[in-house]
Amino acid sequence: MRPAGPADLAEFATHNHHGAGSSNGRPQVDLEAAELAAADFLTALGIKLDSEELRDTPGRMARAYAELFESPPLRLTTFPNDEGYDELVLAREIPFRTVCAHHLLPFSGVAHVGYLPGDRILGLSKLARIVDYCAARPQTQERLTKQVADYLATRLKPRGAGVVLEAEHSCMTIRGVRAIGSTTVTSALSGTLRSDARSRAEFLALAGVQ
Ligand code: ZN
C-alpha cells in the first residue's frame, strides 16, 4: 500500500473546505455548467442526444455525479469511556460506494472498521458515517482506507485503529482486463492494532481477512 501521511488528511480537509460562498464549507456545485459539459462530452464521443431517451441524460449525469460527491458534514460525537471497555470495537461489512479517481467509474464494496478504545468511545453509527464521508469524492481504494484510519486515529485517539476495505472496481471489471468478480483488499492499521501481533491477528480474523 502506498504510504500516506498527515499530508493526505490536510489535502482532504482542503478539498472539503475550499468552497468560497458555500454555507456548509463544501465546494459549490454548478449543476448547470456540469450539464453543459456532460452534453459536450457525450457529443464528443459520438453520442447523439436528440432522442427522447437521451435528451435529459446530460442533466441526469450531472446530478448523479453531484450525488456521489455529496456528503453531509461529519460531526464526530465522542463519549467518555466510563466503563473502561478496552477490547476491540468493530463494525463489519459497512457498505460503501465511490468513484475511482483515475477513470471516474464507480467502485464499491464493504469496509470493516475497528478500534481499541482509549479514554473515549464513539457512537457506533459514526464508523459508517466516517466511511461515507471519506467516500464522497473521487478516490483510490488505498487512500480511502488510509483516510478512514487516519480520521479515527486523529479525532478519537484510540489505542489502535484498523480499517479493511474489500471492493470491486468497475474500471477493472467492465473495461480493460475485464477481471469480473475480482476484488481488491486493502488495510490500514495503527497503534496497538499495528504493533501488537495478537491484537492485529484478532482484528484481521474478526474482519474476516485471515
Ligand atoms: Zn479506475
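**Exercise 1.** Show why α2 and α4 count as oblique to each other.

*Solution.* A word on the material: this is a predicted model, in which local features need pLDDT of at least 70 and side-chain atom pairs count only at pLDDT 80 or more, while totals for chains, interfaces and linings use all residues. Residues are numbered from 1 along each chain as its sequence is written.

Step 1: take helix α2 (residues 31-44) and helix α4 (residues 57-68), whose axes come within 8 Å and cross at roughly 120°. Helices (H or I, at least four residues) and strands (E, at least two) are DSSP runs numbered from the N terminus. Axes are lines fitted to C-alpha atoms, for helices over the stretch in contact, with angles from 0 to 180 degrees between N-to-C directions.

Step 2: angles under 35 degrees are roughly parallel, over 145 roughly antiparallel, 65 to 115 roughly perpendicular, and the rest oblique. The pair is therefore oblique.

**Exercise 2.** Which residues of α2 and α4 meet?

*Solution.* Step 1: contact requires C-beta atoms, placed from the backbone, within 7 Å. On the α2 side, Leu-31, Ala-34, Glu-35, Ala-38, Ala-39 and Leu-42 take part, and they meet Thr-57, Pro-58, Gly-59, Met-61, Ala-62, Arg-63 and Ala-66 in α4.

Step 2: sorted by type, the contact has nine nonpolar residues, two polar and two charged. Here Ala, Val, Leu, Ile, Met, Phe, Trp, Tyr, Cys and Pro are nonpolar, Asp, Glu, Lys and Arg charged, and the others, Gly among them, polar.

**Exercise 3.** Is Arg-55, in helix α3 (residues 52-55), buried or exposed?

*Solution.* Step 1: buried means 20 or more other C-beta atoms within 10 Å of the residue's own, exposed 12 or fewer, and partly exposed in between, with C-beta atoms placed from the backbone.

Step 2: Arg-55 has 11 C-beta neighbours inside 10 Å, so Arg-55 is exposed.

**Exercise 4.** In what order do the five strands of the open sheet stand?

*Solution.* Step 1: strands pair if DSSP finds at least two bridges between them. β2 (residues 89-100) and β3 (residues 106-116) run antiparallel with nine bridges; β3 and β6 are antiparallel over 10, and β6 and β7 are antiparallel over eight.

Step 2: the order is β5-β2-β3-β6-β7, with mixed pairing. β5 (138-139) and β7 (184-191) each have a single partner strand, so one side of each lacks a neighbour in the sheet.

Step 3: follow Gly-160 in β6, which stands opposite Leu-116 and has Gly-191 as its bridge partner in β7. In strand β6 (residues 160-169), eight of the 10 residues are buried.

Definitions and conventions. Two residues are in contact if their C-beta atoms, placed from the backbone, lie within 7 Å.
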